[in-house]
Amino acid sequence: MFHWCTDEVEPHDRFEYWREVRAKGLFGVTAELERERRTDFSGEFSLRQLGGAGLVELKASPYAVERSTSDIADAPGDAICVYQQLGSGGWFGGMRTSDFSIGSGSFATSHTDLPYRTAPQGAGGFHLRILKIPVSSIPTQDRRMRELAPRTFNDPTLAPLLAACFADLGEAADDAAAAAPLVQTSLVQALAHLALIERGIVRPGSRRGQAALRTARLSQARRLIARHLQDPHLAPAMVADLLGVSVRHLHMLFEAVEKSFSQTVTDERLKQSRRLMREAPERLIADIAASCGFESLATYYRVFNAAYGMAPGDFRARGSDDL
């Protein structure tokens, strides 16, 4: 991962460096800010290569951005971008379509090589994630992908799936397991095809559309499980209802991966209990077991010992998480 912050530069040089190195050099955009405000400028960003795509997270005080025709000629990208707004909101304009605003938590999609202008709304500045997926890496090839002017992601049924994949992609980037690159690629392809479904380029019922929806629904199902771990009545019917699918369909999602629904629930509850034992060493183990949704202390001890070969108290006494 590459990370950079304006704290590494003298205040009077920060915006100029950001404009030439971060904006123009790395992302092929023109950044502008009134000269009298430049000494107060601050910003940071990270760039990670994941599954054949680039994931950027950017925070910065307010300034204006333009991707002009000359910027595009100097630094063509030929990629699909999926934006996730994390801050107070942003504005996009200067395009073939109407100007629009994007609120916190919302998404937008575009092709890199179409002109636009953008600026944050409010004094909070920019805070967003951008996933840049090269067109050449997307199995679906359609000339309309290069005609995607920036637009908000308007499908309310697809947006939660997009959010779940985005969240899982960030977590997969930190996963040291050997399977992590395959997971990253699957999530990147799912995000690309969800964006193309929303834009009407990929049909939801097509082979690639269905594959993207399965990946995204599995991501959302896992996140719903994590959100409801403390509920002892957490069951397939509850998650299927929240996901908007049948219980049979939910089980089919988990059949395609290593762990079943019930195994996933147990594994997440155990990981949560280990985290709580590390973070709150004074907390009673019985209280931790109940807060993680185990139906009884005896069940918790049995499951923990089966998974890790030791009792919860022994794990706590070790004071580490080497399991």
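Is Lys259 buried, exposed or partly exposed, and what is its relative accessibility? Select Lys259 and look. At 33% relative accessibility, this lysine counts as partly exposed. Keep in mind throughout that the model is predicted.

**Stop 1: around Lys259**

Stay on Lys259 and add Asp267 to the selection. Their side chains form a salt bridge, with N and O 3.0 Å apart. Now add Glu268 and Lys271. Shared salt-bridge partners tie Lys259, Asp267, Glu268 and Lys271 into one network. Show the four side chains as sticks to see the network as a unit.

How many salt bridges does a search of the whole structure find? The count is 16. Side chains of opposite charge can pair when their charged atoms come close. Two further pairs come next.

**Stop 2: Arg146 and Asp78**

Select Arg146 and Asp78. Here the side chains meet in a salt bridge, 2.9 Å from N to O. The two residues lie 68 residues apart, so color the chain by residue number to see that this pair links distant parts of it. Arg146 sits in the loop between strand 11 (126-134) and strand 12 (151-152). Asp78 sits in the loop between helix 2 (69-74) and strand 6 (79-85). Turn on the surface. Arg146 is partly exposed, at 37% relative accessible area. Asp78 is also partly exposed, at 27%.

**Stop 3: Arg151 and Glu198**

Move to Arg151 and pick Glu198 as well. This is another salt bridge, with the closest N and O atoms 3.2 Å apart. Again, the pair links distant parts of the chain, 47 residues apart. Arg151 belongs to strand 12, and Glu198 to helix 4 (residues 180-198). Which partner is buried, and which is partly exposed? Glu198 is buried, with a relative accessible area of 12%. Arg151 is partly exposed, at 33%.

**Stop 4: the cysteines**

Clear the selection and pick Cys81. Which cysteine holds the sulfur closest to that of Cys81? Select Cys165: the two sulfurs are 17 Å apart. That is too far for a bond, because a disulfide needs the sulfur atoms within 2.5 Å. Cys81 is buried, at a relative accessible area of 5%.

Next, select Cys5. Its relative accessible area is 16%, so Cys5 counts as buried, the limit being under 20%.

How many disulfides does a search of the whole structure find? The search returns 0. A disulfide is a covalent bond between the sulfur atoms of two cysteines.

Conventions: Residues numbered from 1 in each chain as written. Predicted model: local features only at pLDDT ≥ 70, side-chain atom pairs only at ≥ 80, totals over all residues. Heavy atoms only, no water. Buried < 20%, exposed > 50% of the residue type's maximum accessible area, 1.4 Å probe, protein only. Helix = DSSP H or I, 4+ residues; strand = E, 2+ residues; numbered from the N terminus.
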